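Visitor: Got a minute to go through this one with me? Let's pull it up first.

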Amino acid sequence: MLNAGDMDMPTKKNAARAQAQEGRRRVVIEAVWPQVDGGAFPIKRALGEQVDVEADAFADGHDVVVCSLRHRRVGARSWQDTPMRSLGNDRWRAAFTVDELGLYEYTVAAWIDPFLTWQRDLRKRLEADQDLRVEWLIGAQWVAQAAAAAKGLEANRLKGWVGVLKASAGDEEKRALATSDEFVALVARHMPARFATAYPLNLRVRVEPLLARASAWYEFFPRACRDDGGHASFKDCERRLDYVAAMGFDVVYLPPIHPIGRSFRKGKNNTLEAGLDDVGSPWAIGAKEGGHKAVHPQLGTIEKFRAFVKAAQARKLHVALDIALQCAPDHPYVKQHPEWFRARPDGTVQYAENPPKKYQDIYPFDFESEDWAALWDELKGIFLFWIEQGVRIFRVDNPHTKPFGFWAWCLDEIKRAHPDVIFLSEAFTRPKIMHRLAKLGFTQSYTYFTWRNTKAELTEYFTELSHAPSREYFWPNVWPNTPDILHAYLQTGGRPAFAIRAVLAATLCANYGIYGPAFELSENEPLKPGAEEYLNSEKYEIRRWDVERGDSLRGLLTKLNKARHEHPALRHDWSLAFHATDNEQLLSFSKRAGDDVVLVVVNLDFRFEQSGWTGLDLAALNLAADTEFSVRDLIDDSEYRWRGSRNFVKLDPRERAAHVFLLRQEPT
């Protein structure tokens, strides 16, 4: 039994030495898992999930070691202890469940248990038929220690057992008592944990909302929701919500909704000269009407936005806002706080650049400003303002261009007060930077999915995302397209390519999103050959979308999202397993949650029909060798009977790009 104070028990006689080290602590604790960078950052779990903890714990000699997992909410006074079970080879495991949002902490303690050591050796002595008169007295000492730590009826019971062991007669009674499970369990439960070793770190776990673990996002430009092609309002956007909700998406994500700057405004297709009617890029934030805490006047008012949020909630949709920490030259900050921007030698403000590209319509903040503390407070206040309006999800634009120290502080401050808030990091940058942002508190992260298209690329990348140690903190969100990115695969593959990427995104990853209606309408014309920019990009003009078009992929997206809602296997990433096929154009993988098993086979070739034989890993599918089972396609309800690992598949991307199978084992 581990009590408060048992892990630090210096004696008065050796106080000076004990302050540095309690020499009687004999257990070593190593290799505690999970942890991130030696405990510098918390791991992540979703609400209600289990945290499985393992550790090496061992001591010199052959005494019995007892190991305990300790956990509590950060700020709680007392720990909850869970006995760890031995896995062999000095490895131990236990688990606890996180049932509140916010931060928990956990650690491991271990100690020598003299009672269990005595009880183990007693059994050997009994088998050898040795003289046990002294052994009974030794055992009585340990039971007496347990009795002193117990209370009530259990204390009285233990005291009675002390008497039995000390009695001069009754060896048979002593044998029966000392080898009974009830005796061992009760004594061990109250045995003091003397000279316990504590792992030197209190590791942390951040508990995120369930939506952070599994979500389907739909992005659309709110100004493009009017059928006549005019500038839409939030009221117009409410009608678009029915369309999004009917497809089964969880999150509706809006690009910036703020007033747009007029100075250096970009024209259609990102031209430098804007016409009188050009609406500009929503990411050029700020005008005389206001900045990051205002809404574009043609969209409506703050009150109209709140009504939009409520309308989304009524349809079981969550609203996500794009937060871009940058300003147009007309932003009120530029005049009110010129110290927050970097001045050029000619007295003008430094605009954003990515040489040779120039973005004169964007002013980045100067995070090295002398007034940096006030800047940090104001930027945090932007998030808090929109939280007050009912927003709980933020897609943060280019966070990798702002200091890590700012994000560490800002995200921690916000999540401490609002642990239900979700942050998606839009950082298409180098891996180490993406991972650092995830460690600092970004809930989800954009990925390289857009540029992973072959069987080898997808297998390698998603094996890393689902099985590497980084999965403890890096939760991916995959997007086949964005307003900035139209990959060559989609440009050349047309509708079949969009269907293939939709299936991959929705089934390979528990979090995915699309930029629509461009995606479901297979918008694939680039600005110019070799570019990933859209021609007539919606970033610079209002587009009119015919969402009722007959060739739309909305039906496929609806089926995919329905499968995700109904099958828990698709709402988590860690069970992902890839299966062999004898055709490099056929990708096969599965996910499993208990008895719920989904197997996906995708034709990666958008041009031609592909066929081949599977080489299924039956253990990953929870199937015995040579088992007969049925597979039902969750997209079109077709059903097949399969047996064993080798089964034939044929897919024509013009008709059906993939199978999303639910496995059902035949009763024996």
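**Cysteines, sheet and a loop residue**

Guide: Sure. There are zero disulfides in the structure, a disulfide being a pair of cysteine sulfur atoms within 2.5 Å. Keep in mind that this is a predicted model, where local features need pLDDT of at least 70, side-chain atom pairs count only at pLDDT 80 or more, and totals for chains, interfaces and linings use all residues. Residues are numbered from 1 along each chain as its sequence is written, and side-chain values use heavy atoms, with hydrogens and water left out.

Visitor: OK, so why is there no bond at C225?

Guide: Because its closest cysteine sulfur, in C237, is 3.8 Å away, which is too far for a bond.

Visitor: Is C225 buried or exposed?

Guide: C225 is buried, at 8% relative accessibility. Buried means under 20% relative accessible area, exposed over 50%, partly exposed in between (1.4 Å probe, protein chains only).

Visitor: And what about C509?

Guide: C509 is buried too, with a relative accessible area of 0%.

Visitor: Switching topic: what order do the strands take in the open sheet?

Guide: The eight strands run β21-β20-β19-β18-β13-β12-β11-β22, with parallel pairing. Strands are DSSP E runs of at least two residues, helices H or I runs of at least four, numbered from the N terminus; two strands pair if DSSP finds at least two bridges between them.

Visitor: Which strands stand at the edges?

Guide: β21 (476–477) and β22 (511–515); each has a single partner strand, so one side of each has no neighbour in the sheet.

Visitor: Last one: where does Q389 lie?

Guide: Q389 is in the loop between α11 (372–388) and β18 (393–397), and it's buried at 7% relative accessible area.
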